[in-house]
2 protein chains.
Amino acid sequence: MAKTKAGAPLYHKLKDRILELIESGRYRPGDRLPTEYELCEQFEVSRTTVRQALHHLKLEGHIEQTQGKGTFVASSKIQQPLSSYISFDDYMKRLGLSGETKVLEFAVVPATAQLAKMLHVAETDPLYKLIRMRYVDRTPLKYSITYIPWKVAPGLAFEEIQGSLYDVFRGKYGHQLSKCVDWIEPILTDDQYSEYLEVAVGAPALMVRSVTYDTAGMPLEHSQEIFRGDRSKFVLERDLQSPSAKYTGLLPDPWQHEPDGAE
Amino acid sequence: MAKTKAGAPLYHKLKDRILELIESGRYRPGDRLPTEYELCEQFEVSRTTVRQALHHLKLEGHIEQTQGKGTFVASSKIQQPLSSYISFDDYMKRLGLSGETKVLEFAVVPATAQLAKMLHVAETDPLYKLIRMRYVDRTPLKYSITYIPWKVAPGLAFEEIQGSLYDVFRGKYGHQLSKCVDWIEPILTDDQYSEYLEVAVGAPALMVRSVTYDTAGMPLEHSQEIFRGDRSKFVLERDLQSPSAKYTGLLPDPWQHEPDGAE
């Protein structure tokens, strides 16, 4: 470990080495890692290298450091399925975790031009705006803003937005859900997201924006969710066999535009 | 804009406001944004607020700043499909962009315990190790490390790893590809990734780890790809109707382990 290959800084290699020990199960969630001093000795590197490696492992949620107590392997990230669909509450139950929803805002607002286009309504048409926090075992998992055209769910009640909106769409309003399109991007948390998600400013996070459609192609809701990066991991299965697995065409990107004159 | 609501810092609101102008197409890729001074005037905020908002927009790849020339709307992110499959080369052709592959490493290495488990081979069995960079219009898009059991592709040649490995698996080796499982996590780039991807250290990135299987359930390859966050956006369609759309069970996570004694 004392020497480095071209291009790979020492702390990067040390970080990978520690991560390997965690991911191979040699160190498990809750286990205490060797001290900084012991890591220096074991891998023949400087204190600075050890600290840099630990800093990165902490930011990405692999370890937790407690003042005076040491460094511990963090709980596993919550692996969330992308190729199938399950509601937040049901999924947490399956995982044996306790999920909780907190409604931060529930209002009716006029549609902006952008939201009107996305939800197939006229500008200034009334939209429900929901801001919700989801917690897992009392730790924030995601912050989400959802817009629903008023006409999609007239009389939507506060009690109904505590759980799965899909259940409410299907049950109370009789909508036939067809598909959901998701756009996934990595972002850094700013002051606001950091406060809600209880992480440092500039922590890694995933932004997932989505639109859900009914069988007639009518958008039922649009949401923007910010997932805590150190607690979230998404998993999906891609079929490489069936005809539908073949790439057929570009999905439109509602947030992107050609340079001037090209459209 | 001068006053802020509880919880939302001013710069966050300003950032959202500018992003809305970009995403609605009011400002398009290549367009010049108003100067810092003009933004202060227009939104009645301080220079600090404007700078913070622009800093975040830049880190996430929405704008580019050129010393002495001003602030410009960045090129659109490259939207990559997750629900279907298309090779990197074919996809770039479809987008009308020029894709390029650079092989950084091509070697045969012994399988570590972790890789052996993932690829269903014995520890120390020979694996091809490929490190490749993918560029789009000369800008780095992703850095990827791929491991392939030697027995899956004996005699794999250097020329063959310039393009789609799936094509080589199917064509030269006659493998029947069945599925690919992807795990997606947000990370921050460290020195090494930053150097390869040509971004600042600590920039947002997506790590996608995957395993591809043949129809007999044999793993053909495992890869770890780091996508530049300011250039990448993933899109997928979830079916909410067909029986296969229903969540049926947990996919195993090869990198996570129960706390000691729980397994």
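Over the ring of which residue does the charged end of Lys179(A) sit? The ring is that of Tyr213(A), and the charged end lies 5.4 Å from its centre. This is a predicted model. The points below cover an eight-stranded sheet that draws on chains A and B, the aromatic pairs, and a second charge placed over a ring.

**The sheet**

- Eight strands make up an open sheet, and their pairing is mixed.
- The order of the strands is E4(A)-E5(A)-E6(A)-E9(A)-E8(A)-E7(A)-E10(B)-E3(B).
- The edges are held by strand E4 (99-110) of chain A and strand E3 (78-81) of chain B. Each of these has a single partner strand, so one side of each is left without a neighbour in the sheet.
- On average, neighbouring strands of this sheet are turned by 20 degrees against each other, direction ignored.
- Strands of a sheet pair through backbone hydrogen bonds, in either the parallel or the antiparallel sense.
- Within chain A, strand E5 (residues 126-136) pairs with strand E6 (residues 139-149) in the antiparallel sense, over 10 bridges.
- Lys129(A) has Tyr147(A) of E6(A) standing opposite.

**Aromatic pairs**

- Over all chains, the structure holds 10 aromatic pairs.
- One of them joins Phe227(A) and Phe234(A), with 5.0 Å centre to centre and 80 degrees between the planes. This pair is edge-to-face, because planes over 60 degrees apart count as such.
- Phe227(A) is buried, because its relative accessible area of 4% is under the 20% limit. Phe234(A) also counts as buried, at 4% relative accessibility.
- In chain B, the rings of Phe106(B) and Phe158(B) have centres 6.1 Å apart and planes at 50 degrees, so this pair is tilted.
- The pair of Phe106(B) and Phe158(B) links distant parts of the chain, 52 residues apart. Phe106(B) belongs to strand E4 (residues 99-110) of chain B, while Phe158(B) is in the loop between strand E6 (139-149) and helix H6 (165-171) of chain B.
- Phe106(B) is partly exposed, with a relative accessibility of 28%. Phe158(B) is partly exposed too, with a relative accessible area of 42%.
- In chain A, ring pairs link Phe106(A), Tyr128(A) and Phe158(A) into a cluster.

**Charges over rings**

- Lys179(A) has its charged end over the ring of Tyr213(A), 5.4 Å from the ring centre.
- In chain B, the charged end of Arg26(B) sits over the ring of Tyr27(B), 4.6 Å from the centre of that ring.

Notes
Residues numbered from 1 in each chain as written. Chains lettered and ligands numbered in written order. Predicted model: local features only at pLDDT ≥ 70, side-chain atom pairs only at ≥ 80, totals over all residues. Heavy atoms only, no water. Pairing = 2+ DSSP bridges. Helix = DSSP H or I, 4+ residues; strand = E, 2+ residues; numbered from the N terminus. Axes fitted to C-alpha atoms, helices over the stretch in contact; angles between N-to-C directions. Phe/Tyr/Trp six-rings, centres within 6.5 Å; stacked < 30°, edge-to-face > 60°. Buried < 20%, exposed > 50% of the residue type's maximum accessible area, 1.4 Å probe, protein only. Lys NZ or Arg CZ within 6 Å of the ring centre and 35° of its normal.
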